[in-house]
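Subject: Structure handover

Hello,

Here is the structure I said I would pass on. Please look it over first; my notes on what was found in it follow below.

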Amino acid sequence: MDIITQIKQDPDRNFFISASAGTGKTFTLKEYYMSILNKNKNNPQIVENILAVTFTNKAAAEMRERIMNEIEKKLSEMETNNDESHNS
């Protein structure tokens, strides 16, 4: 079973992700973060309980940007679905 599948099945589990540059760490961390948020939709304080450590400000900024883009995408999809259900 690959790490993404494990993360999606059990986002409450802690993971340590270490790999060389260009191997998909940021993508994997974004998926992990989103899995935690999806599981805890009714608990907005969960964000304060997530810790992700990077070794550079550049990596932290990239991870933050990808997570925020994914959150904005999900919110936009939810708004579109709500609009469509109200127009039906």
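A good place to begin is K30, which is in contact with R66, I67 and E70 once its neighbours within four places in sequence are left aside. This is a predicted model, so please read everything here as computed from it. K30 sits in helix α2. With a relative accessible area of 10%, K30 is buried, because the limit for that term is under 20%.

Salt bridges

Side chains of opposite charge can pair when their charged atoms come close. The count of salt bridges in this model comes to 6. Two of the pairs described here involve K30.

The side chain of K30 meets that of E70 in a salt bridge, with 3.6 Å from N to O. This pair links distant parts of the chain: K30 belongs to helix α2 and E70 to helix α3, and they are 40 residues apart. E70 is itself buried, at a relative accessible area of 13%.

K30 also forms a salt bridge with E31, where the N to O distance is 3.1 Å. E31 counts as buried too, at 13% relative accessibility.

On its other side, E70 meets the side chain of K74 in a salt bridge of 4.0 Å, N to O. E70 and K74 are separated by about one helical turn, because they are 4 residues apart in helix α3. K74 is partly exposed, with a relative accessible area of 31%.

These pairs belong together: K8, K30, E31, E70 and K74 are linked in a network of salt bridges.

Nonpolar core

The largest nonpolar core has 10 residues, namely I7, F15, Y32, Y33, M34, I36, L37, I46, M63 and I67. Helices α2 (25-39) and α3 (57-87) each supply at least two residues of this core. The largest share, 5 residues, comes from α2.

One core member, I67, has already come up as a contact of K30. Another member, I36, is in contact with P11, I46 and I50, leaving aside its neighbours within four places in sequence. Of those contacts, I46 is listed in the core as well.

The loop between α2 and α3

Where is T54 placed? T54 lies in the loop between α2 and α3. Is T54 buried or exposed? Neither term applies, because T54 has 27% relative accessibility and so counts as partly exposed.

Not counting residues up to four places away in sequence, T54 touches A59, A60 and M63. M63 is one of the residues of the largest nonpolar core. The side chain of T54 also reaches the backbone oxygen of T56, at 3.2 Å.

T54 and N42 are 12 residues apart along the chain, and their C-alpha atoms are separated by 28 Å.

In short

If you keep a few points from this, I would suggest the following:

- K30 in helix α2 and E70 in helix α3 form a pair that links distant parts of the chain.
- Both belong to a network of salt bridges that also includes K8, E31 and K74.
- The largest nonpolar core has 10 residues, and α2 gives the largest share of them.
- T54, in the loop between the two helices, touches M63 among its contacts.

Regards

Conventions. Residues numbered from 1 in each chain as written. Predicted model: local features only at pLDDT ≥ 70, side-chain atom pairs only at ≥ 80, totals over all residues. Heavy atoms only, no water. Core = buried A, V, L, I, M, F, W, Y, C linked by side-chain atoms within 4.5 Å. Buried < 20%, exposed > 50% of the residue type's maximum accessible area, 1.4 Å probe, protein only. Contact = heavy atoms within 4.5 Å. Polar contact = N/O pair within 3.5 Å; in protein donor to acceptor, adjacent residues only side chain to side chain.
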